[in-house]
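Okay, thanks everyone, let me share my screen. I'll walk through the side-chain chemistry, and please keep the model in view while I talk.

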Amino acid sequence: MSGAAAAGGAVGGVTGGAIGGIIGSFIPPPGLGTFLGRAIGSRVGRAVGRAAATMLDDYVNSMEQADENAEEDEAAAAGEDEEVCHTCQEQCQNSAGEVKDSLYNNKRNPNNPNQGNHGYLNRMVEQMCGAQGPGTPGWGTHIDELRGAQSRLRRSFKPFQGQNGMDPDCDPAEFFSQEERDAINNILRGGENNPWQPNNIPHLGPNHPRCQTLPDARSNGRIRDYLNIIRPNQPPMSGPALS
């Protein structure tokens, strides 16, 4: 018997005895009815008290068990969330790597295992600083290759763009500098006068002072080195950002 049942029985016995004694006092002969009523009431009261206390004790135990189960469920859910977030983080890191390849990949680097395509920035500065200007066959070929690089960048950057007003799956600010985000925004945004677009890229020629830093840009792979060729001392283009 639990402590709660024993206590309930004791309280029930006292209460039942008192009530039984009062009821028994109305039964003749005098005194005997009171005695019998008190004895019967006490036994019934103890039984009822024990039962009520046991039920209450069981209820309390069930509530405690429910709380424990809820805490275990919360802990399990938190663990699942951490695992999902860990997976999401890996996916975002992989997507960020694809974006950076789409920007910086240098197919002319002999140590680069991904020599198939130039990143957009390398293709862009090569267009600006190349010997063949607008109207030449080489210029037209470069425009086609720039469009392909632009499409690869657009595909790889999708996880960092929210759709229909929703937050993106990956936070671009976590993986790209402000200058990189500005450059991506300029490359992916249309506009007839946008100098970042394949058809609008200006031609400087190989002897232009800004083009003398082209080898450094390719070897360092830093956004600042490319920007020194593309738009020195100019603020980022205005307009709605894509990221």
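**Cysteines, charges and rings**

Let me start with Cys88, which is partly exposed at a relative accessible area of 35%. For the cut-offs, buried means under 20% relative accessible area, exposed means over 50%, and partly exposed is in between, with a 1.4 Å probe and protein chains only.

Now the ground rules. This is a predicted model, where local features need pLDDT of at least 70 and side-chain atom pairs count only at pLDDT 80 or more, while totals for chains, interfaces and linings use all residues. Residues are numbered from 1 along each chain as its sequence is written, and side-chain values use heavy atoms, with hydrogens and water left out.

So what does the confidence look like? pLDDT is the predictor's confidence in each residue, from 0 to 100. The chain has a mean pLDDT of 75, with 57% of its residues at 70 or more. There are two stretches I'd flag. Over residues 77-84 pLDDT stays under 50, and the model has zero contacts beyond four places in sequence for them; a contact here means heavy atoms within 4.5 Å. Residues 235-243 also stay under 50, and for those the model has 20 contacts beyond four places in sequence. Where pLDDT is low, the predicted coordinates should not be read in detail.

On to the disulfides, taken as cysteine sulfur atoms within 2.5 Å. How many disulfides does the rule give? The count comes to two. One of them joins Cys92 and Cys170, with the sulfur atoms 2.0 Å apart. That link is left-handed, at -85 degrees about the S-S bond. Cys92 sits in helix H2 (residues 32-104) and Cys170 in the loop between H4 and H5, so the pair ties together parts that are 78 residues apart in sequence. For the record, helices (H or I, at least four residues) are DSSP runs, numbered from the N terminus. Both ends count as buried: Cys92 has a relative accessible area of 6%, and Cys170 has 4%.

Then there's Cys129 with Cys211, where the sulfur atoms are again put at 2.0 Å. The S-S angle for this pair is -85 degrees, left-handed. Cys129 belongs to helix H3 and Cys211 to the loop between H6 and H7, so this pair ties together parts 82 residues apart in sequence. Cys129 is buried at 7%, and Cys211 is buried at 6%. If you number the bonded cysteines in sequence order, the pairing reads 1-3, 2-4.

Staying with H3: is that helix covered or open? Mostly covered, since 10 of the 10 residues in H3 (residues 120-129) are buried. Those include charged ones, Arg123 and Glu126.

Which brings me to salt bridges, meaning a side-chain nitrogen of Lys or Arg within 4 Å of a carboxyl oxygen of Asp or Glu. The whole structure has seven of them. Glu126 bridges to Arg123, with the closest N and O atoms 3.5 Å apart. The two are three residues apart in helix H3, about one helical turn. Glu126 also meets Arg218 in a salt bridge, at 2.3 Å from N to O. This pair links distant parts of the chain, with Glu126 in H3 and Arg218 in helix H7 (residues 214-220), 92 residues apart. Glu126 is buried at 12%, whereas Arg218 is partly exposed at 21%.

Over in helix H4, Asp144 and Arg147 lie three residues apart, about one turn. Their side chains meet in a salt bridge at 3.7 Å, N to O. Through shared partners, salt bridges join Arg123, Glu126, Glu145 and Arg218 into one network.

Last topic, the aromatics. Rings of Phe, Tyr and Trp (its six-membered ring) pair if their centres lie within 6.5 Å; planes under 30 degrees apart count as stacked, over 60 as edge-to-face, and the rest as tilted. That rule yields five aromatic pairs. Phe157 and Phe160 have ring centres 5.5 Å apart and planes at 25 degrees, so they're stacked. Phe157 is buried at 0%, and Phe160 is buried at 1%. Phe160 and Phe175 come out at 5.8 Å and 70 degrees, so that pair is edge-to-face. Put Phe176 alongside Phe157, Phe160 and Phe175, and you have one aromatic cluster.

That's my tour, over to you.
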